Amino acid sequence: MTDPYPLLHRLAAAGDDALTTVALPPDGRYQVVTTTVDEVTAQIVDTLRDGFAGRGPDDYPLLVLGWGRCRVGSTAVTNLFGMARAAAYYQPVKTIGRFALTGGEGSPWKLPDGEPVLFAKEMAGPYVPFEALFNPARCLVEAGWPVDRLRLLVLDRQPRASLDSWMAKWEGKIGRERVVENFVLSTLNYARMRAWAGAEGLAVTHFPYECSRAPQETVSRLFDRLGIGHLYQPEMLTGWGAAGDLNSDQSKIHNPVEPEPYVVPGLHGNADEYRFRPRSVAVLTDAELAVADSPEVVESYQVSVRSCAQELDLPAPMRDEIFG
C-alpha cells in the first residue's frame, strides 16, 4: 500500500482541508481498519453526543481542553488542574477514537454533576496519523459543547526535548521512522488547530512546558487568563504525594478504559510538584536532530512562545528567564 505520509505532510503543511479525507491504512495493531480523519471524527461525535444527551447550552461546565504534541508536560498540567479541584480527565475524546481505530466502540463521556470546571488533556500522536491530526475541540463542538464554555489550552515544548522523549518512549513500539513522521504531523497540526479555533471564535491560551521554570508566576497568570483565578492557590503547586501518581488510587485524574494495544503501564511518571525538569537530549541521531531543528518545527514552537508571552503578559525579564 502507498505510504500516506508524504501526502499527509504536504496537505498538513499547506493547511489543505483535503487532509481529513485521505485514506489512512491500518498498521494491524493500533489501527485495524482503513479510515479517514473525518470518518473517525464522526464516530467520536456520535458517541459524545449520546453522553451529552438532554443537556442544553447552559448545562455544560467550563471545560479547559489541554492539547498539543505528546511529551510536552501535559500529565503535570493535568495533575495541576486536579490539585486545583477541577475535575481532570485523561483523553476522554481521543480514547473513543482509539476504540474506533481498533474496530470497537468507545463509551460516552459521562460528565460529572455539580462540577463547574473540568479539564481534559487530549494529546496529538503518537501511534498513527489519525492521532496526530484529529481535532478534539471540533469533536466536542460538533457533539454539542458550546464554544463559549470551552477554552483551548495549547501545550508545547522545546522541540529537541520533545522529540527525544518521543523516541525514548515509542521507538520500541512503532520504530524510529514512524516516531519522526507522527511527531512532524503532530507539529503541523498546531497551525491547523489555531486556524480552526480562530474561525470558530474559540478562546485560545498557549502554555509551553518551559513555563514550569517559574510556576507561581505563570500558573497564577494562566488561571486568571482562563477565568478561573479563584481556583489558584500557591500551595497546589507542591506536596502532591500519591495524588500526583497516575498509577495511584489517590490520583486526581479520571482515567478511561483504553483498547488493549494502547495500554502502556508506566508510560507516565509520578510527580510531587509542578516544576521544570530538564531533559538531556541523548537518543536522537543527527538526522533526527535536524528534524527537530527544521524551520517548520521550530517556528511552530516559537509561535507558542510568543503567544504565551503576550497572553500571560509576561514581563521581559521573566520571559527571558523562562524561554531564554
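This is a short dialogue on salt bridges in a predicted model.

Student: What should be kept in mind about the model and its numbering?

Tutor: The model is predicted, with local features needing pLDDT of at least 70 and side-chain atom pairs counting only at pLDDT 80 or more, while totals for chains, interfaces and linings use all residues. Residues are numbered from 1 along each chain as its sequence is written, and side-chain values use heavy atoms, with hydrogens and water left out.

Student: Why is the pair Lys94 and Glu131 called a salt bridge?

Tutor: The definition asks for a side-chain nitrogen of Lys or Arg within 4 Å of a carboxyl oxygen of Asp or Glu. The closest N and O atoms of Lys94 and Glu131 are 3.8 Å apart, so the pair qualifies.

Student: What makes Lys94 and Glu131 count as buried or exposed?

Tutor: Buried means under 20% relative accessible area, exposed over 50%, and partly exposed in between, with a 1.4 Å probe and protein chains only. Lys94 has 1% relative accessibility and is therefore buried, and Glu131, at 0%, is buried as well.

Student: Why is Asp46 called partly exposed?

Tutor: Its relative accessibility is 45%, which lies between the two limits, so Asp46 counts as partly exposed. Its salt-bridge partner is Arg49, with the closest N and O atoms 3.3 Å apart, and Arg49, at 39%, is likewise partly exposed.

Student: How do you know that Arg138 and Asp38 form a salt bridge?

Tutor: Their closest N and O atoms are 3.1 Å apart, which satisfies the distance limit, so the pair is counted. By this rule the count comes to 15 salt bridges.
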